[in-house]
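Visitor: I am new to protein structures and would like a close look at a single part of this one. Could you take me through the enclosed spaces inside the model, slowly and with the terms explained?

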Amino acid sequence: MRLLRRWGAILSMFAPAEPLAAQALPTTSAPEFVVHGWDTDAGLPQNTVNDIVQTRDGYLWLTTFGGLVRFDGVRFTVFRSVDHPGIGSDRGLAIAEDREGTLWIGTENGLIRYRRGTFTTFTRKDGLANEEILDILVDSRGRVWLSTATGLIRFDGQGFSSFGVKDGLPNAYVNIVVEDASGTLWVGTQRGNALLDPVTGRVRQPPLPLTASDILFPLKRDRAGALWFQTTNGVARWHNGTLTRYEDWPGTANPNFVSMAQDSEGNYWLASLTLGLWQLRPNGPEPGARQYASARGSRTYSARSVYVDREGVLWAGTNVEGLLTLRRRIFTMVPLAQVSPEVSPTAVLRDRRGQVWIGANCGWLNRLEAGQVSLFRTSEGRSVNCVWSIAETPDGALWFGTWGDGVFRLQDGQLRHYSTQAGLPDTVVLALYADRAGALWMGTSSRGLVHLLNGAITVYDTTAGLAHNSVRVILESGPGTTWVGTLGGLSSITQGRITSYTTGDGLSHNFVRAIHEDAEGVLWIGTYGGGLNRLKHGRFTPITTRNGLFDDVVSAILEDGRGNLWMSANRGIFRVSLRMLNDFAEGRIPAVHSVAYGKADGLLEPETNGGFQPAGWKSPDGRLWFPTLRGVAVVDPGAAVPNPVSPAVAIEELRIDGEPVPPADHVSVAPGVRRIEIAYTGLSTPAPEAVVFRYRLGGVEDDWVYVGSRRVAYFTKLQPGRYQFTVSAANRDGLWNERGPSLQLHVLAPWWMAWWFRLVGGTALVGAAAWLVRRRVQRLEQTQAAQREFSRLLIKGQEQERQRIAAELHDSIGQDLVVIKNRALLALKAAGTPERVRAELEQISEIISDTLNEAREIAHNLRPYQLDRLTFTAAIRAAVAKASESSGIRFVTEAGDVDGLLTPEAEINLYRIVQEALSNILKHSGATEAGVRVSAVRGQVRSEISDNGRGLKRVEDSQGFGIRSMAERARLLGGSLEISSQPGAGTTLVITTPVRGHARPARV
């Protein structure tokens, strides 16, 4: 941190100023709805859409000259005669659904009925008087009425009957039929209208005024029960005996309307054969008519039908421009005054006077005032170029940070420039922020953070602890703490002390470009690539696209006052509930739900600009402002009303190993199927592209599998059994359909998995298993016997070899050493032996004596002579006595008469066990007392060796080679070895050996 000289010339700019009264925010004129179109490039079979209806399952159905079309808002499914024999004609004109869910399609060549997946076409041979159906009405009694060029036709479920001029109609050419509130039918013909009683069939003249001769035919019955008619100059409304005309249409005298719909707000939409789509507002604060251009921008296109679906979305069928949809505009775009592909808005700020200032990356400063955007110029003609940051200080001065030209201050119409000559460390200023104390903070591109207060400059950079010298966002949080987002992490400054945080501290990414503090004092940090971070109680919680965030780039964060955070990103603008974000951070929910907005909501270009400040602004009226690549996007959060209708969900197709299967609630799957595909859809027309899905397969997955916008589920190699596939969908606002459709799958087992085969096979397997187990036991017993015999012979061989070596040592080497010793002694007794020879002979005698003793000891250890010369009991006593003599341990021996109870081989093995135990006591126990007790007890010889030494911490620690050797010998004797020990309390070994004739086979 370093302190620079005071700026005396700008000291006065921080003088307090009287606040100005807030003014109304200027508004920009924009259509209330956004038009989007689909044509053959998007999947339509043909670009003439004659009629539209939404069926009870949520699908939109369209009639075209290229086939019948079903639309879920994302995908078109076309039904043609070439694929469906029941379809008699692909040239559809009209469509309607009856109360039973049957779809009726009028074509140029007959009437088509679509019921429960089956198409049936009715023609003249079925009694249909005219095969060209112009319009269809299903009345309140469920009867189907067909308008044709030769009269009105009724289908009552049994057959067809016709009404024409002979029945009182003014003309045989019937354009349309409309049912009024009483159930009476208004029949519009080429030469006037008539009323038809659907029960009696009586025709009479309508009670229209005599001046209504220009009324052509009815269009619609609205929610109030009024009837709307086409007239030669517009439309007219007939209600309670009063006719009201609407014939003042901007730019045209005869719009030639042919279809009409009423929206949820009471406004009317009209389709014109010559001038496209119109909105009529007969009442309200702004009554009048407004024309909407097509998606291609044309205003002279032909609209043939208009329809409002159950979620309030408007649809229009056109003659050559395909299908149009109109969605309510959420965003209004404010374009720059200087329109150029290279120029896009950067920073945006509304000052206290109500003027909105917009910086441009490669253009001049823009100002929005009184609804008009213009390039800013002072009275002297000066302006500012390449503005990347804007701030307003408490004295009313506006500051503009530029790319390469320092900062500018605008106050009282005067523009002043400050650069490195005035003490700035960098000419690229990307962030400006005015704190509550009146200080101005400047974030530079490469020279750190600048603090300006009362004319004094303080610079913070990496040498003072700043995370990085490229500063992108600044925020004052609480008294005395300023947060700084940089390219290298997040820093906080409190009383001049800097603390920095990076990914090593839990931050998801070091490029910080947005900081927001909510009402609870929680910080929300937006990063470039690491999504959003919550900082609470010193702990960072990242929230990324893996957790449901719309984008991992967060350029600006604004709070709307309705409990939501709005964020700008590379992919667009989105909002997330603050409560949901906190619930995720606290681990109460597994993911968050983002509500994303794009071109269909009014954005000309979803991608926003960021990495500077302010990259977003909330005006006093609550509107939010975001700079995008094609203007500033303005949104009133109150206009973003959540959709309360959950999506209708449908399972559209089932494929088994690539082959389609006829739709059914229960499907049996043959054995050996490798792949099952289930296609489904969710129907939410306000934002169909934002519908997300989850599914589960009962029997495999108990939890939901979230798959985003994917509309196909894949399953491979399902095991035989019964499964239930259930799918659910959520609309853009996260409202789930909790009762999604289900499909029962029964994967059949192959013949070799049938119950009878399993029974027979199971019985055979049990028998085979029993035989194998028996064979295995026999082989194990044989192996164990062989191992026992091998161990016995091995130890016997060892003992025999020891006996041979001992005998040779004693009889051969021992005798030779005795002779040498005696001869040396004789030499010593001879007279006249020189002293030197005498000394050598004495030394030889001593060495031979020692060698003789060692040889005897070896021979004794190899084969205890006591077993050959004495009894077994005497041998044990001798071994204990020898151990006592060679140590300071006092031994107690209690050896009963067990001679003859064991075989010679068993005596040798038991002697070796005792011998090894005594050796362990002498080497490891540290005992002062020990005891050996041998006795005969109930057909066994019980040998107990104990000491009062240090003992063992764990008996498991005693499994050394010596212990294993003793245990092996005991096992070969058919007996057992038990060890008990406690630290500091000594050790006790108990060996039990069956006496002769009571031995049992050892276990291997």
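Guide: What follows is a walk through the cavities, with a short look at some other local features afterwards. This is a predicted model, in which local features need pLDDT of at least 70 and side-chain atom pairs count only at pLDDT 80 or more, while totals for chains, interfaces and linings use all residues. Residues are numbered from 1 along each chain as its sequence is written, and side-chain values use heavy atoms, with hydrogens and water left out.

A cavity here is a set of points, on a 1 Å grid over the protein atoms alone, where a 1.4 Å probe fits but cannot get out, and its lining residues have an atom within 4 Å of a point. Grid points are joined across faces, edges and corners, and a volume is the space filled by probe spheres set on the points. By this rule there are two cavities of 30 Å³ or more.

The largest cavity has a volume of about 60 Å³, and of the 13 residues that line it, G67, L68, S89, I105 and I112 are the closest to its centre. Strand 5 (67-71) and strand 8 (103-107) each give at least two residues to this lining, where strands are DSSP runs of E with at least two residues, numbered from the N terminus. Sorted by class, the lining of the largest cavity holds six nonpolar, five polar and two charged residues; Ala, Val, Leu, Ile, Met, Phe, Trp, Tyr, Cys and Pro count as nonpolar, Asp, Glu, Lys and Arg as charged, and the others, Gly among them, as polar.

The second largest cavity holds about 40 Å³ of space, and its lining consists of V669, V673, R674, R675, I676, F715, T716, K717, L718 and V747. Two or more of these lining residues come from each of strand 61 (675-683) and strand 64 (712-716). The lining of the second largest cavity divides into six nonpolar, one polar and three charged residues.

Away from the cavities, two loops deserve a look. Most residues other than glycine have a negative phi, and most peptide bonds are trans. R116, which is not a glycine, has a positive phi near 50 degrees, and R116 sits in the loop between strand 9 (110-115) and strand 10 (118-122). The peptide bond from Q613 to P614 is cis, with omega near 0 degrees, and P614 belongs to the loop between strand 54 (595-597) and strand 55 (617-618).

Methods:
1 Å grid on protein atoms, 1.4 Å probe; cavity = no way out; pocket = protein on both sides within 12 Å on 5 of 7 lines; lining within 4 Å. Helix = DSSP H or I, 4+ residues; strand = E, 2+ residues; numbered from the N terminus.
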